[in-house]
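The following report describes the surroundings of two ligands, two annotated positions and a nonpolar core.

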Amino acid sequence: MTDHLSDPVNVRKRSIREAALARRAALSPSERAERSRRIRERLLAHPAVLRASRIFTFVSFDTEVDTHGVIDALLADGRHVAVPRILDDSTIRAVPMTSWDDLEAGRWGILSPRSDTPAAGPFDVAVIPGVGFTEQGGRIGHGRGYYDRWLAENPVETTVALAFECQILPELPLEPHDRPVDVIATEARLLEPGL
Ligand SMILES: Nc1nc2c(c(=O)[nH]1)N(C=O)[C@@H](CNc1ccc(C(=O)N[C@@H](CCC(=O)O)C(=O)O)cc1)CN2
Ligand SMILES: Nc1ncnc2c1ncn2[C@@H]1O[C@H](COP(=O)(O)OP(=O)(O)OP(=O)(O)O)[C@@H](O)[C@H]1O
């Protein structure tokens with residue numbers, strides 16, 4: 001009996017994750033900022049986002065595609081924005097955000113809501129982080145299954161992942177619980193495998 005950490009799929013996921021994280025970390029801060037700006041424009045121009053009233057988005061940390069400008073634009077436009085709060089049972093909950101003052105540094109230093117009052121759903125759009133993706137919408141994250149579990153329980157009209165091109169991979173070892181995303185916005189293109 002193989003436990004889940006020594007399971008061949010998880011061993012492969014771990015090495016792919018490390019390689020993709022290293023490529024993302026190799027972008028300079030100015031490259032990251034410029035590419036994040038292009039990704040933000042592509043996201044905000046997407047029809048699903050243009051018509052969305054309720055949006056659940058990650059708050060970027062570390063070397064991820066920067067979502068601070070996305071959140072500022074959505075709030076300035078009067079949309080209902082919710083962001084993840086990590087709960088003790090290893091799940092995430094969408095909590096409303098109306099200002100950066102609503103957030104504080106939480107686990108892994110990620111800005112998270114102080115409140116734990118759940119946001120009213122369902123969401124029109126979920127903006128999702130990830131470490132590696134395929135053009136078909138396959139996704140791996142940090143390997144804790146937070147988003148896979150959240151998406152399994154929360155119906156969302158359109159899921160949009162944000163990624164740098166260096167995170168798009170020819171293939172990924174995927175498992176039955178892995179939830180594909182509908183759209184991927186990169187600095188170079190819009191992929192719409194699920195639309
Ligand atoms: N911005 C953002 N928010 C998010 C996520 C995310 O990927 N990005 N998550 C998506 O799930 C959840 C948090 N999950 C995370 C899980 C692990 C690590 C992390 O970096 N952990 C180790 C490295 C080992 C590992 O990758 O697990 C570390 O501290 O270095 C970060 C976030 C909820 N909020
Ligand atoms: N819908 C689900 N229900 C129960 N467990 C799940 C579900 N989705 C994922 N898991 C569990 O979570 C763990 C991590 O899954 P996986 O490696 O796919 O995470 P990930 O997609 O890389 O991470 P994340 O979603 O946090 O960014 C696995 O052990 C998996 O069994």
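## Basis of the description

A residue is taken to be near a molecule if its C-beta atom, placed from the backbone, lies within 6 Å of it. This is a predicted model, in which local features need pLDDT of at least 70 and side-chain atom pairs count only at pLDDT 80 or more, while totals for chains, interfaces and linings use all residues. Residues are numbered from 1 along each chain as its sequence is written, and chains are lettered from A and ligands numbered from 1 in the order in which they are written.

## The shell around ligand 1

Ligand 1 is surrounded by 17 residues, of which Phe58, Trp108, Pro129, His142 and Tyr146 come nearest. Strand 2 (80-86) and helix 5 (146-153) each contribute at least two residues to this shell, where helices (H or I, at least four residues) and strands (E, at least two) are DSSP runs numbered from the N terminus.

By class, the shell of ligand 1 holds eleven nonpolar, four polar and two charged residues; here Ala, Val, Leu, Ile, Met, Phe, Trp, Tyr, Cys and Pro count as nonpolar, Asp, Glu, Lys and Arg as charged, and the others, Gly among them, as polar.

## The shell around ligand 2

Around ligand 2 there are 15 residues, the closest being Gly141, Gly145, Tyr147, Asp148 and His177. Helix 5 provides the largest share of this shell, five residues, and the shell as a whole divides into four nonpolar, six polar and five charged residues.

## Positions annotated in UniProt

An unreviewed UniProt entry lists Val59 and Glu64 under "binding site"; such annotations may be inferred rather than shown by experiment, and the positions are given in the numbering used here, with feature names shortened. Valine 59 lies in the loop between strand 1 (54-57) and helix 4 (68-76), and glutamate 64 is likewise found in the loop between strand 1 and helix 4.

Valine 59 is buried, because 21 other C-beta atoms lie within 10 Å, the classes being buried at 20 or more other C-beta atoms within 10 Å of a residue's own, exposed at 12 or fewer, and partly exposed in between, with C-beta atoms placed from the backbone. Glutamate 64 has 20 C-beta neighbours inside 10 Å and therefore counts as buried.

## The nonpolar core

The largest nonpolar core (a set of buried Ala, Val, Leu, Ile, Met, Phe, Trp, Tyr and Cys residues joined through C-beta atoms within 7 Å) has 37 residues, and Val125, Val127 and Val160 have the most contacts inside it. Strand 6 (123-128) is among the elements that give two or more residues to this core, and strand 6 gives the most, with five residues.
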